[in-house]
Amino acid sequence: MFRKVVSSLTPKSLSVGNFSKLTRLLSTQIQLQDDKVSTFLESLRQEFYDKRTTGDTNDFTRISKLSDLVNCVETRKVLLKNLDHLKEMERDEKDEDMKQLAREEQEVYSELLQKTERELIEEMMTLSTVENWSSMTLEINAGVGGQEAMLFAMELLEMYSNFLQVKGWDFEVTEEERTDIGGVRRASIVVNSRDAFEFLRLEAGVHRVQRVPETEKSGRIHTSTATVAVIPRPDDIQIDIKEADLKVETKRASGAGGQHVNTTDSAVRIVHLPSGISIECQTERSQPKNKEIAIRKLKEKLFQQQYEAQVAATQATRKSQKGSSNRNEKIRTYNFVQDRVTDHRLENGGTVHNLKDFIVGGDGMIAMNTRLVEENRFRELWDLIEDSCNKK
Amino acid sequence: MKRLFSSISYKLRTVIPKFEEKLKEIPKEDVNFTLKCLVSHILSKDFSSIKNLEDEQLDSKQLEHLERLVECRLARIPIQYIIKEWDFYSLKLKMVPSVFIPRPETEKLVSMILEENNVKERSFLEIGSGSGAISVSLLKNLLNFKGVAIERNKLAAELTLENAKALNVEDRLTVLNEKLSQDSLKGFVDKFEKFDFIVSNPPYIPSRQVFQLQPEIVLYENMNALNGGPDGLDVIKLILELSSSLLKPNGKLWLEVDSTHPPMIEEIIKNQYENRLIFEGVHKDFTGIDRFVEIKRN
């Protein structure tokens, strides 16, 4: 059932935030009559009225979020009651005209009911929406496989560049450590869009490539990997770094300095002593600017560590490990020999063909990413539903 | 035929090793950095926008240009003069040969002054403005300030004004092409109202050291901007004298000096300006060397 719906998607037209197709998908997955779902909705309704009567203003965002949903639940209740009433009328009524009238009215009400249920599901979807960040870094690192892994990392860099372009999100490749034969050891893309995180985080993990590398002379098939990490960049990274914890190394440290020398060494290397992280920077001509950039990078690195530790901690308590930004999880295989891409997180038919199109961020890639987002949203909603039932 | 020839473009990957080999002759040269400066200049690109030098392309004319500039560098012309610009305190300043090239240490002098001065409408005096780095970066950050810059070298005075114009602060900066000396001192004191602060990166290198400096400096920079006399204190002494009369009460004098100077300056103040100037302290530069002195008008 899943596959059928997804294949009918036209990925580019599926704009972010517009999940009408997803809603259709969900309405086949989530039965509103289902006991668990009704329990869940009832618990939300209860929560809404409780919060409103206690007038807890701290919960204002939650209240306003629930308000529309509860509205739908109430409307649905009334509609169901009316429909029951009409069905009864149709059954008991002797007069044929009156029967006809009841039938017609039933049609009107069922239409309204359908519309309400669609809205309700859409409202439910907003409950599971993940955290969003205004800016994030997508980092690609070549993994096992030497030069071949670096070539693959370069292909991933191009794939994501195209993907981001198609999505219309503002991005910039900020770092690119090239190798001689056209590969990339490591690359960073900074993405500035509130919508991007939900999509990109599902690309995080280990990507595996299977093919005969260009560098291979005897024609053997190799398996190599590249790792993708997606790290949010908060607007204002709240990490305090003590000056005393930093060892700043510049090449100008020797000699009399000042007017005595005119060297242009602008490279700065800072070592953060407590964590052992070291950052080098020579992106600008001026040394103080490079130091500033290096400190900013250091803060990002420290934030990344904190963030990943936090993600790992929350994951440990979660039932579902899927759809996380765990960088150690093998998520996808690109098999050039069989011309296929398989995403290991998608249960039914996680395989698509036409790898050439996929690897340049084409329709196949966008569709797969969209599907991951949809399934992930669905799973998170389902987790919420189960949680609320378990609490009872 | 000729046009066809010049339309050929060269990936830098293939020609870089040749240039690198040549530039290695210069002691302590960061070869890759120098090439990046030159190539970004030739392509009129921002230095930071070039991620991989090897991926850039030059046509044959630009390649010739690069060859010429590498030769200039081999003749030890400072890179700042070759590309005719450099950065100071986040500003891009024009550089002209022989006018003193601002050093990165001096940026701290500016940031120390900025930390103390903020909103009120005020005025400052700079002695020996060179390219205008200090005055321009101060005015760029102190929007209610007006400044006076004295510069003895005509070329440098013109460059100060040009950089002030390029960064839109020329309406708040008066540049005087005059020399501070024992004779002209009195004239300055009479001419100006008192200033809220005075700043200078005066020539401070003791004369006998001047000609041992690296060729880039000795051959191409104006020695008047560096040579501070027998003990490096010639101009500093004049500035102390000037400041003792031209600073408002509690106004500060900020100086960049040689690392050996601070105790000597403290001594001079104690002996000659006891009731007029107070030696507030010494500050280190980013390499940890004593570099700046802070003095207050009593």
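Two strands pair if DSSP finds at least two bridges between them. Keep that in mind as you work through these exercises on a predicted model.

**Exercise 1. A hairpin in chain A**

Work out how S9(A) and S10(A) are joined, and how many residues lie between them.

*Solution.*
- Step 1: Find the two strands. Strand S9 of chain A covers residues 330–335, and it pairs with S10(A) in the antiparallel sense over four bridges.
- Step 2: Pick out a bridge. Tyr334(A) has Val341(A) as its bridge partner in S10(A).
- Step 3: Look at the turn. S9(A) and S10(A) form a hairpin with four residues between them, and Asp339(A) in the turn has a positive phi of about 50°.
- Step 4: Now go to the next strand. S10(A) is joined by three bridges to strand S11 (residues 351–353) of chain A, and the two run antiparallel. Here Arg340(A) stands opposite His353(A).

**Exercise 2. Two faces of one strand**

Sort the side chains of strand S10 (residues 340–343) of chain A by the face to which they point.

*Solution.*
- Step 1: Follow the strand and notice that its side chains alternate.
- Step 2: Val341(A) and Asp343(A) point to one face and are buried.
- Step 3: Arg340(A) and Thr342(A) point to the other face and are not buried.

**Exercise 3. Two helices that pack**

Decide whether H2(B) and H3(B) are oblique, and say what makes their contact.

*Solution.*
- Step 1: Know what to look for. Two packed helices are described by the angle between their axes and the distance between the axes.
- Step 2: Helix H2 (residues 12–23) and helix H3 (residues 31–42) of chain B pack at an angle of about 120°, and their axes are 10 Å apart.
- Step 3: Apply the cut-offs. Angles from 65 to 115 degrees count as roughly perpendicular and those over 145 as roughly antiparallel. H2(B) and H3(B) are therefore oblique to each other.
- Step 4: Add the handedness: the crossing of H2(B) and H3(B) is right-handed.
- Step 5: List the contact. H2(B) gives Leu12(B), Ile16(B), Phe19(B), Glu20(B) and Leu23(B), while H3(B) gives Val31(B), Thr34(B), Leu35(B) and Val39(B). By class, these residues are seven nonpolar, one polar and one charged.

**Exercise 4. The sheet of chain B**

Find the strands at the edges of the seven-stranded sheet in chain B.

*Solution.*
- Step 1: Write down the order. The open sheet runs S7-S6-S5-S8-S9-S11-S10 in chain B, with mixed pairing.
- Step 2: Strand S7 (173–176) and strand S10 (277–284) of chain B each have a single partner strand, so one side of each is left without a neighbour in the sheet.
- Step 3: Check the twist. Neighbouring strands are turned by 15° against each other on average, direction ignored.
- Step 4: Zoom in on one pair. Strand S5 (residues 122–127) and strand S8 (residues 195–200) of chain B are parallel, with four bridges, and Leu125(B) has Ile198(B) as its bridge partner in S8(B).

**Exercise 5. One residue in strand S9 of chain B**

Is Leu255(B) buried or exposed?

*Solution.*
- Step 1: Locate Leu255(B) in strand S9 (residues 247–256) of chain B.
- Step 2: Recall that 20 or more other C-beta atoms within 10 Å make a residue buried. Leu255(B) counts as buried because it has 25 C-beta neighbours inside 10 Å.
- Step 3: Look beyond its neighbours within four places in sequence. The contacts of Leu255(B) there include Ser200(B), Ile239(B) and Phe292(B).
- Step 4: Compare sequence with space. Leu255(B) and Ile239(B) are 16 residues apart in sequence and 9.3 Å apart from C-alpha to C-alpha.

How values were computed:
Residues numbered from 1 in each chain as written. Chains lettered and ligands numbered in written order. Predicted model: local features only at pLDDT ≥ 70, side-chain atom pairs only at ≥ 80, totals over all residues. Axes fitted to C-alpha atoms, helices over the stretch in contact; angles between N-to-C directions. Parallel < 35°, antiparallel > 145°, perpendicular 65-115°, else oblique. Left-handed = near helix turned anticlockwise from the far one by under 90°. Contact = placed C-beta atoms within 7 Å. Nonpolar A, V, L, I, M, F, W, Y, C, P; charged D, E, K, R; others polar. Buried ≥ 20, exposed ≤ 12 C-beta atoms within 10 Å, placed from the backbone.
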